[in-house]
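Q: I should like to learn how the features of a protein model are read. Could we go through them one at a time?

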Amino acid sequence: MNRWINRFLLVAGAMIPCVAAASSLPAITGKWQCTPQNEVPQEQSWVTYDFKSDGTMTSQEWVRYQEEQQTQLEFNLFIDYRYIANDADYMLKPVKLSREIITDPNNSNPFDYAARRDLTGYRIFFKPILQGDNEALFDMWYHITPNKHFQMQCKRQGVV
């Protein structure tokens with residue numbers, strides 16, 4: 001169960017904003033559908049980030065953990081963030097969190113009070129690496145582990 005909570009914090013951490021000028025993120029403003037670049041066999045997940053020009057971002061994450069072809073935990077996580085520019089990187093700060101447990105047969109309850117408190121204390125840094133107008137790699141890391149990066153492969157949504 002601890003790895004679920006660690007993964008939850010890792011993925012959730014991938015989405016944190018603070019106030020920024022409307023012009024600070026013009027290239028990534030909008031909705032992005034992302035998947036982890038390094039997938040784990042027992043885990044399926046995706047995240048949607050919706051960056052707004054007012055320095056806020058909303059995210060929705062879906063995660064399913066399986067062992068022996070049985071779902072051990074499945075949930076949706078919704079986080080509102082504020083973001084600020086930090087040189088060439090951005091810092092994300094969660095301001096509101098809600099969750100929906102879909103399946104939890106072992107009653108692991110990864111979203112107890114302590115986990116929610118820990119999550120809202122996280123700061124995530126990320127550097128968007130644009131790969132054209134509608135694709136990007138989000139290179140991300142937590143403030144407490146700055147040398148341990150994770151990447152999300154993203155595509156802009158709503159483009160005709």
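A: We begin with pairing: two strands pair if DSSP finds at least two bridges between them. Helices (H or I, at least four residues) and strands (E, at least two) are DSSP runs, numbered from the N terminus. The model is predicted, so local features need pLDDT of at least 70 and side-chain atom pairs count only at pLDDT 80 or more, while totals for chains, interfaces and linings use all residues. Residues are numbered from 1 along each chain as its sequence is written, and side-chain values use heavy atoms, with hydrogens and water left out.

Q: Which elements does the protein contain, and in what pattern?

A: The protein has two helices and eight strands. Along the sequence they follow the pattern α-β-β-β-β-β-α-β-β-β.

Q: In what order do the eight strands close into a barrel?

A: Strands of a sheet pair through backbone hydrogen bonds, either parallel or antiparallel. Here the barrel order is S1-S2-S3-S4-S5-S6-S7-S8, with antiparallel pairing. Neighbouring strands of this sheet are turned by 30° against each other on average, direction ignored; axes are lines fitted to C-alpha atoms, for helices over the stretch in contact, and angles run from 0 to 180 degrees between N-to-C directions.

Q: Which strands pair with S8?

A: Strand S1 (residues 30-36) pairs with S8 in the antiparallel sense over five bridges, and strand S7 (residues 135-142) does so over six bridges. Methionine 152 in S8 stands opposite proline 36 and is also the bridge partner of phenylalanine 138.

Q: Why is strand S8 largely enclosed by the rest of the structure?

A: Buried means under 20% relative accessible area, exposed over 50%, and partly exposed in between (1.4 Å probe, protein chains only). Five of the seven residues of S8 (residues 150-156) are buried, so this strand is largely enclosed. In the protein as a whole, buried residues make up 45% of the 160 residues.

Q: Where does the disulfide lie in the chain?

A: A disulfide is a covalent bond between the sulfur atoms of two cysteines; the cut-off used is a pair of cysteine sulfur atoms within 2.5 Å. The structure holds one disulfide, formed by cysteine 34 and cysteine 154 with their sulfur atoms 2.1 Å apart. It links distant parts of the chain, cysteine 34 in strand S1 and cysteine 154 in strand S8, 120 residues apart. The link is right-handed, with 115° about the S-S bond. Both cysteine 34 and cysteine 154 are buried.
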